[in-house]
Amino acid sequence: MAQQPQNNRNGRQKTIRRWHRRVGYVSLLLVMILSITGLVLNRTEKLGLNQITIQNKIVSALYGLAPDAPAVHFPLDGHWVSWLDGRLYYDNKLIAQNSPRPRGATQLQEIFAIAATDRLSLYLMDGSLVETLDQAALPGPITRLGHSPDHDLIIDSQGTYYNSPDDFLSWTRREDLTDFIPSEQAPAPAPIVEAVLQDYQGQGISLYKIILDLHSGHIFGAYGPYLMDLAAISLIFLGITGLMKRRQNGKNRRRNEK
């Protein structure tokens, strides 16, 4: 009869040891993250974590700073018009936000024009906006934008071409297309690409915030804090099962001494 309780105790101890080991292995990485980041955060001022910023593709992806699509670039007589996720640039200068994807950009005589499907925006050569013509002021949806050799604006509206003889007050259908020079996308120089991307992403994320979010789990997304909560709970579990093992070992030692 005494053998059965002894077998039950041994079975419970094996189960406790097995789960203690499993939880220890699984939680080891999370506990190390909590411990190391906690130590670093306690020395934030000494290490100057707030003065260090990180800007790279991984950090941009983690914090949602990466653009949804690559930038679009149009050459413009020695300058560049770029568009990235609704932000419009003239060289490295931000000139518009919440802007639709452009169909083209072209240099006129004293100004330049940027066209989207339903609007045409006119800018001075310093990037200042002159005016924007909405869909009601256009001859139709803009498919392409271009100019003549004399830098007169030409609009391609679904295969029909128009120009304006009176500073965009009216539009005339254009039959002769032999001198039409369309605006085409092209790869921009590296400094333009980098300047546009840097403006879009800002100055990066401080190292303090990255380590703090790693410590709290927020860097792993919406469920990250629960993951770190699980690590804390696992420590409690390991402490309790460790005490249970120690207590049982003490009982076994006393029993053997008798």
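Which residue forms a salt bridge with R174, and how far apart are the closest N and O atoms? In this predicted model, the partner is D179, and the closest N and O atoms of the pair are 2.7 Å apart. The description below starts from this pair and then turns to the other charged contacts, a polar loop and the surface of helix α1.

R174 sits in the loop that runs between β13 (residues 172-173) and β14 (residues 181-182). With a relative accessible area of 17%, R174 is buried, because the cut-off for that class is under 20%. The link to D179 can also be read as a polar contact between the two side chains, again at 2.7 Å. As general background, side chains of opposite charge can pair when their charged atoms come close.

The R174 pair belongs to a wider set, as the structure holds 6 salt bridges. Another of these is found in helix α5, which spans residues 207-216. Here the side chains of K209 and D213 meet in a salt bridge, with an N to O distance of 3.3 Å. The two residues are 4 positions apart in this helix, about one turn. Their surroundings can be described separately: K209 is partly exposed at 37% relative accessibility, whereas D213 is buried at 10%.

A further salt bridge joins D118 and R119, where the closest N and O atoms are 3.6 Å apart. Both ends of this bridge reach the partly exposed class, D118 with a relative accessibility of 30% and R119 with 32%.

Polar contacts without a charged pair are also worth a look. S164 lies in the loop between β12 (residues 160-163) and β13. At 19% relative accessibility, S164 counts as buried, since the limit for this class is under 20%. What does the side chain of S164 contact? One partner is D166, whose side chain makes a polar contact with that of S164 at 3.2 Å. In addition, a polar atom of the S164 side chain lies 2.7 Å from the backbone oxygen of S170. The serine side chain is thus described by a contact to a side chain and by another to the backbone.

Attention now moves to helix α1, which covers residues 3-41. A positive surface patch is formed by K14, R17, R18, R21 and R22. One of its members, R21, is found in helix α1. How much of R21 is accessible? The relative accessible area of R21 is 44%, so this arginine is partly exposed, falling between the cut-offs of 20% and 50%.

A patch of another character is made by L28, M32 and I36, which form a nonpolar surface of about 290 Å². Of these, M32 lies in helix α1 and is partly exposed, with 42% relative accessibility. That value is over the 30% that patch membership requires, so M32 passes the accessibility criterion for the nonpolar patch.

M32 also offers a link between parts of the chain that are separated in sequence. Where does A231 lie relative to M32? In sequence, M32 and A231 are 199 residues apart, while in space their C-alpha atoms are 9.8 Å apart. Helix α1 therefore holds a methionine that is partly exposed at 42%, and this residue belongs to the nonpolar patch with L28 and I36.

Conventions: Residues numbered from 1 in each chain as written. Predicted model: local features only at pLDDT ≥ 70, side-chain atom pairs only at ≥ 80, totals over all residues. Heavy atoms only, no water. Patch = residues over 30% accessible without salt bridge, like charges linked within 9 Å, V, L, I, M, F, W, Y side chains within 5 Å. Areas by Shrake-Rupley, 256 points an atom, 1.4 Å probe, with all protein chains shown as cover. Salt bridge = Lys/Arg side-chain N within 4 Å of Asp/Glu carboxyl O. Lys, Arg positive; Asp, Glu negative; His and termini not counted. Charge placed at Lys NZ, Arg CZ, Asp CG, Glu CD. Buried < 20%, exposed > 50% of the residue type's maximum accessible area, 1.4 Å probe, protein only. Polar contact = N/O pair within 3.5 Å; in protein donor to acceptor, adjacent residues only side chain to side chain.
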